[in-house]
Amino acid sequence: MSNDFYRLSILPHVAIVIKICRAYTNSQEDFEDYYQEVCLQIWRSKDNFQEQCEWSTWVYRISLNVCLTFLKKKKKNHQYFASDSLPEEAIEESHAFADESLNQLYDAIRQLSEVDRGVILLYLEEKSYQEIADIIGTNANNIGV
């Protein structure tokens with residue numbers, strides 16, 4: 001992946017990637033793995049982007065798909081993944097996990113189903129039901145419900 005691609009195509013949308021990866025991880029190590037994989041998948045799929053949606057929508061889709069895929073792989077391997085709280089060392093060593101009130105929000109979000117996490121993150125980003133539906137791959141009525 002070139003620095004230019006990262007700087008021009010990913011960096012402007014890095015908040016999207018961080019929020020989604022953060023909602024599906026409990027540790028800095030997992031967060032970094034997910035973040036790197038999302039960036040790699042965005043780069044790999046750039047040629048498949050057909051401009052039928054906004055680039056930010058594409059980034060959301062890829063981020064959600066990567067996180068859900070990682071989560072399924074961890075479940076198949078029977079590894080314990082979700083917890084009620086973050087380990088203290090992860091909170092102290094990470095800027096992404098440093099804000100306690102933000103940690104509580106993400107802890108609450110992690111208690112939702114995998115798909116509902118994506119929906120709530122997009123809702124918190126003030127996306128319309130139609131935008132959320134486009135990203136998640138459903139219809140706006142299902143999002144409203």
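A residue counts as exposed when its relative accessible area is over 50%, and as buried when it is under 20%. With that cut-off in hand, here is a tour of a predicted model.

**Figure 1. The whole chain is built from nine helices and zero strands.** Read along the sequence, the elements follow the pattern α-α-α-α-α-α-α-α-α. Of the 145 residues in the chain, 42% are buried. The accessible surface comes to about 8800 Å², and carbon and sulfur atoms account for 48% of it. Take the contacts between residues at least 6 apart in sequence: 61% of them join residues at least 24 apart.

**Figure 2. The loop after helix 7 holds Glu126, a residue with a positive phi.** Helix 7 spans residues 114-124, and its buried residues are Glu114, Arg117, Gly118, Val119, Leu121 and Leu122. Follow the chain onward and you reach Glu126, in the loop between helix 7 and helix 8. Most residues other than glycine have a negative phi. Glu126 is not a glycine, yet its phi is positive, at about 65°. Is Glu126 buried or exposed? Its relative accessible area is 73%, which is over the 50% cut-off, so Glu126 is exposed.

**Figure 3. Four aromatic residues, Phe5, Phe49, Trp55 and Trp58, are linked into a cluster by ring pairs.** A pair of aromatic rings is described by the distance of the centres and the angle of the planes. The count comes to five aromatic pairs. One of them joins Phe49 and Trp55: the ring centres are 4.9 Å apart and the planes meet at 90°, so this pair is edge-to-face. Phe49 is buried, with a relative accessible area of 18%, and Trp55 is buried too, at 18%. Do look at Phe5 as well, because this member of the cluster has a charge over its ring: Lys46 lies over the face of Phe5, at 5.7 Å from the ring centre, within the 6 Å cut-off.

**Figure 4. Helix 2 packs against helix 6 at an angle of about 65°.** Two packed helices are described by the angle between their axes and the distance between the axes. Here the axes of helix 2 (residues 14-23) and helix 6 (residues 100-110) are 9 Å apart. Which residues make the contact? Helix 2 brings Lys19, Arg22 and Ala23, while helix 6 brings Leu102, Asn103, Tyr106, Ile109 and Arg110. Sorted by class, the contact has four nonpolar, one polar and three charged residues. Helix 2 is largely enclosed by the rest of the structure, because seven of its 10 residues are buried. Those buried residues are Val14, Ile16, Val17, Ile20, Cys21, Arg22 and Ala23. Arg22 and Ala23 thus appear in the buried list and also in the contact with helix 6.

**Figure 5. Ser56 of helix 4 is a buried residue.** Helix 4 covers residues 55-76. The relative accessible area of Ser56 is 17%; this is under the 20% cut-off, so Ser56 is buried. What does Ser56 touch, leaving aside its neighbours within four places in sequence? Its contacts are His13, Ile16 and Lys127. Of these, Ile16 is one of the buried residues of helix 2, the helix shown in the previous figure.

**Figure 6. Ala133 of helix 8 counts as buried, at 0% relative accessibility.** Helix 8 runs over residues 129-136. Leaving aside its neighbours within four places in sequence, Ala133 is in contact with Thr138, Asn139, Ala140 and Ile143. How many residues separate Ala133 and Ile143 in sequence? They are 10 residues apart along the chain, and 6.3 Å apart in space, C-alpha to C-alpha.

Notes:
Residues numbered from 1 in each chain as written. Predicted model: local features only at pLDDT ≥ 70, side-chain atom pairs only at ≥ 80, totals over all residues. Heavy atoms only, no water. Phe/Tyr/Trp six-rings, centres within 6.5 Å; stacked < 30°, edge-to-face > 60°. Buried < 20%, exposed > 50% of the residue type's maximum accessible area, 1.4 Å probe, protein only. Lys NZ or Arg CZ within 6 Å of the ring centre and 35° of its normal. Helix = DSSP H or I, 4+ residues; strand = E, 2+ residues; numbered from the N terminus. Contact = heavy atoms within 4.5 Å. Areas by Shrake-Rupley, 256 points an atom, 1.4 Å probe, with all protein chains shown as cover. Axes fitted to C-alpha atoms, helices over the stretch in contact; angles between N-to-C directions. Nonpolar A, V, L, I, M, F, W, Y, C, P; charged D, E, K, R; others polar.
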